[in-house]
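Here is a set of exercises to work through with the sequence and the 3D view side by side. Try each task yourself before you read its solution.

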Amino acid sequence: MALQIFDMNYGTQFGSLWPSIRISLLSEQKYGALFNNFCDVKLVTQQLEDLNAIDFIWEAQNAVKDLDSMAEQGAREQVLSPETQTELCEPRDQPVSFISPNIKCYTFPRGDISLFPQAKPDILGILGYYLLNAASVLPVLALNVQPGDLVLDLCAAPGGKTLAILQTGCCRELAVNDISASRIDRLHRILHSYLPEQLINKVKITRKDGRNWRDLNDTCYDRVLVDVPCTNDRQSLKEEENSIFKYGRKEERKMLPMLQLQLLVAGILAAKPGGEVMYSTCTLSQLQNEYVVEGAVELLKVEHGITVQVADLSYFRRLFQSTFSFYQDCRLGELILPNLSANFGPMYFCKLQRLN
Ligand SMILES: C[S@@+](CC[C@H](N)C(=O)[O-])C[C@H]1O[C@@H](n2cnc3c(N)ncnc32)[C@H](O)[C@@H]1O
């Protein structure tokens, strides 16, 4: 059922790109190992490097820095040909510092489909890395959490992105919420396997319907992550149990864009003026991605008099093009396409700034 619906919708949405996305979605996904800064850093770094895995974030930042210094040097020495200079001196929309610090994620190089072994607990019982779809780290990087920030993770369970946010070491306060009791239990277990007790005590965990966040809380946040429930395209092709494409869940599926819109609006209302909100999904669907963003921007303007600006994240393409396959025609935000040589995603992320 999922595949039939995808063929119908994505065939139209992606045209000639769809057959290659389709086969990638049906193939084994690639993982990333989100590095846990609270483990024995030297030992785990060595283990990951022995596997020939690379921290793709560090590598991308260095590649850009190298290009920039080459461009600077070239400009000084005036030795580059005019064509090369244009390419190397291309102005960046954002500097590299516009990504959250201290997050490390190891992947195998493009085309290498090796698997990471499960992380083993150290003598304190702490695990060295968390396996996830490496594209899941991108929304957290782009959220760009700054030292002293108040941060809200509105749909947080089981907690992969929460862990990534905590790696930055920047949050003055982190509020973590999810509506599902069983998934909150998983989140608790994950936090206890990766973090020291003092840090867990600083995380405020709630189990609320995120759509009503503002009615229940009066804190205004600097950064909000709204990682909504979606058709979870890759998972839906693999697992029947609990699938949103099951016959009995048709109505729920139809209502997903409305739920996503309400959660995004709630997330923006929870941000302070000037605050930044990241909307993310793991679906390719335009209806659940760009259309939800457009709907939320419009609704906030009309019903709340709030202006929201969609940020340009195209510098992410430049930074991470050697690790991920970016969709070139995304109107708002960025979309990572599954690709056989870099089988991450799908992951859509779009940053919004609340202006008033
Ligand atoms: C895509 S998952 C989140 C994954 C998580 N951010 C991570 O990185 O591990 C979406 C989550 O939204 C939660 N959810 C669904 N409806 C919700 C609501 N109304 N309020 C808050 N959370 C909700 C689901 O229970 C689910 O855990």
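The exercises below go from ring pairs to helix crossings, and then to single residues.

Before you start, note that this is a predicted model, in which local features need pLDDT of at least 70, side-chain atom pairs count only at pLDDT 80 or more, and totals for chains, interfaces and linings use all residues. Residues are numbered from 1 along each chain as its sequence is written, and side-chain values use heavy atoms, with hydrogens and water left out.

**Exercise 1. Aromatic pairs**

Task: Find the ring pair of Tyr 10 and Trp 18 and decide how the two rings are arranged.

Solution:
- Step 1. Start with the rule: rings of Phe, Tyr and Trp (its six-membered ring) pair if their centres lie within 6.5 Å; planes under 30 degrees apart count as stacked, over 60 as edge-to-face and the rest as tilted.
- Step 2. The structure holds 16 aromatic pairs.
- Step 3. For Tyr 10 and Trp 18, the ring centres are 5.4 Å apart and the planes meet at 70°, so this pair is edge-to-face.
- Step 4. Tyr 10 and Trp 18 are both buried (buried means under 20% relative accessible area, exposed over 50%, partly exposed in between, with a 1.4 Å probe and protein chains only).

**Exercise 2. A pair across the chain**

Task: Describe the pair of Phe 56 and Phe 324, and say where in the chain each partner sits.

Solution:
- Step 1. Phe 56 and Phe 324 form an edge-to-face pair, with 5.1 Å from centre to centre and 85° between the planes.
- Step 2. Phe 56 belongs to helix 4 (residues 56-77), while Phe 324 lies in the loop between helix 15 (314-320) and strand 11 (334-336). Helices (H or I, at least four residues) and strands (E, at least two) are DSSP runs, numbered from the N terminus.
- Step 3. The partners are 268 residues apart, so this pair links distant parts of the chain.
- Step 4. Phe 56 is buried, and Phe 324 is too.
- Step 5. Now widen the view: ring pairs join Phe 56 and Phe 324 with Tyr 315, Phe 316, Phe 320, Phe 344 and Phe 349 in a cluster.

**Exercise 3. Helix 13 and helix 14**

Task: Work out how helix 13 and helix 14 cross, and which residues meet there.

Solution:
- Step 1. Two packed helices are described by the angle between their axes and the distance between the axes.
- Step 2. The axes of helix 13 (residues 256-270) and helix 14 (residues 290-304) come within 9 Å and cross at roughly 55°. Axes are lines fitted to C-alpha atoms, for helices over the stretch in contact, and angles run from 0 to 180 degrees between N-to-C directions.
- Step 3. Helix 13 and helix 14 are therefore oblique to each other (under 35 degrees counts as roughly parallel, over 145 as roughly antiparallel, 65 to 115 as roughly perpendicular and the rest as oblique).
- Step 4. Their crossing is right-handed (a crossing is left-handed if the near helix is turned anticlockwise from the far one by less than a right angle, and right-handed if clockwise).
- Step 5. Among the residues that meet are Leu 261, Leu 264 and Ile 268 in helix 13, and Val 292, Ala 296 and Leu 299 in helix 14. Contact means heavy atoms within 4.5 Å.
- Step 6. The contact of helix 13 with helix 14 has 11 nonpolar, three polar and no charged residues (Ala, Val, Leu, Ile, Met, Phe, Trp, Tyr, Cys and Pro count as nonpolar, Asp, Glu, Lys and Arg as charged, and the others, Gly among them, as polar).

**Exercise 4. Unusual backbone spots**Task: Locate the cis peptide bonds before Pro 158 and Pro 346, then look at Asn 144 and Asn 232.

Solution:
- Step 1. The bond from Ala 157 to Pro 158 is cis, with omega near 5°, and Pro 158 sits in the loop between strand 5 (149-153) and helix 7 (160-167).
- Step 2. Gly 345 and Pro 346 are also joined by a cis peptide bond, with omega about 0°; Pro 346 is in the loop between strand 11 and strand 12 (347-354).
- Step 3. Asn 144 has a positive phi, near 55°, and lies in the loop between helix 6 (137-143) and strand 5. At 7% relative accessibility, Asn 144 counts as buried.
- Step 4. Asn 232 has a positive phi near 45°, and at 30% relative accessibility Asn 232 counts as partly exposed.
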